[in-house]
Amino acid sequence: MDILLKYFPELTEDQIDKFTKLGELYKDWNAKINVISRKDIDLLYERHVLHSLGIVKVQKFKSEAKILDVGTGGGFPGIPLAILFPETEFYLVDVIAKKIRVVNEVASALGLNNVQAEQRRAGTFDDRFDFIVSRAVTNMPDFVKWVRKNVAKKSAHELPNGVLYLKGGDLTEELALFPKATQYDLQDYFKENFFETKKVVHLPLKYKL
């Protein structure tokens with residue numbers, strides 16, 4: 001928890017309580033259903049929770065905004081974002097049923113009424129969202145094909161509606177087709193070595209009929 005308070009000192013008591021419980025919940029569930037690598041579970045707050053919250057350093061979400069988390073796995077970045085923005089709606093999808101089970105159990109245990117999670121494949125539904133978030137589930141060209149139709153028409157945030165993507169390494173080649181993409185280096189916000197090559201990519205996407 002100390003690492004979260006280091007970068008997010010404004011957390012409320014309720015948020016601190018939920019983030020504190022998060023660690024034990026994931027350790028417990030990970031022992032039953034492996035959703036986080038064994039070597040990472042002891043670094044959960046740095047490599048999963050704080051990493052997820054890197055998106056917040058680029059864009060804070062407004063009340064009543066709708067966010068889609070594609071390929072959420074065990075609930076990242078969706079669950080930490082939902083704790084930070086309790087008035088924002090989060091829809092988490094993944095193709096693996098056991099991972100969605102963990103997401104639903106964690107959300108229920110924390111009383112996260114702003115989270116809905118389902119076993120679904122991206123591109124199979126027509127709901128519209130302000131932003132689509134994800135942690136490196138595939139390359140950007142394929143990801144855009146999956147989610148382009150899910151972008152809401154009207155933007156209400158500082159950044160235009162579209163994708164907020166957590167990814168690492170040199171993305172020059174991958175983003176060559178997307179000149180409007182902006183990369184934000186997480187090492188500018190978080191000083192731990194883990195974040196040296198990690199980025200948030202914002203890609204504005206226009207509403208598509």
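## Pockets and nonpolar cores

Nineteen residues, given here as 19, line the largest pocket, and G71, T72, G73, D94 and V137 lie nearest its centre. A pocket is an open set of points on a 1 Å grid over the protein atoms alone, where a 1.4 Å probe fits, with protein on both sides within 12 Å along at least five of seven lines; lining residues have an atom within 4 Å of a point. The model is predicted: local features need pLDDT of at least 70 and side-chain atom pairs pLDDT 80 or more, while totals for chains, interfaces and linings use all residues. Residues are numbered from 1 along each chain as its sequence is written, and side-chain values use heavy atoms, without hydrogens and water.

In the second largest pocket, N161, K180, P204, L205 and K206 are the closest to the centre among 15 lining residues. Volume is the space filled by probe spheres set on the points, which are joined across faces, edges and corners.

| Pocket | Volume | Lining |
|---|---|---|
| Largest | about 380 Å³ | nine nonpolar, five polar, five charged |
| Second largest | about 220 Å³ | nine nonpolar, two polar, four charged |

The largest nonpolar core (buried Ala, Val, Leu, Ile, Met, Phe, Trp, Tyr and Cys residues joined through side-chain atoms within 4.5 Å; buried is under 20% relative accessible area with a 1.4 Å probe, protein chains only) has 52 residues, of which L22, Y26, F61 and I79 touch the most other members. Helix α3, residues 44-58, gives the most to this core, with eight residues; a helix is a DSSP run of H or I, at least four residues. A second, separate core of 22 residues includes V147, Y165, L175 and A181.

Note on methods:
Buried < 20%, exposed > 50% of the residue type's maximum accessible area, 1.4 Å probe, protein only. Helix = DSSP H or I, 4+ residues; strand = E, 2+ residues; numbered from the N terminus. Nonpolar A, V, L, I, M, F, W, Y, C, P; charged D, E, K, R; others polar.
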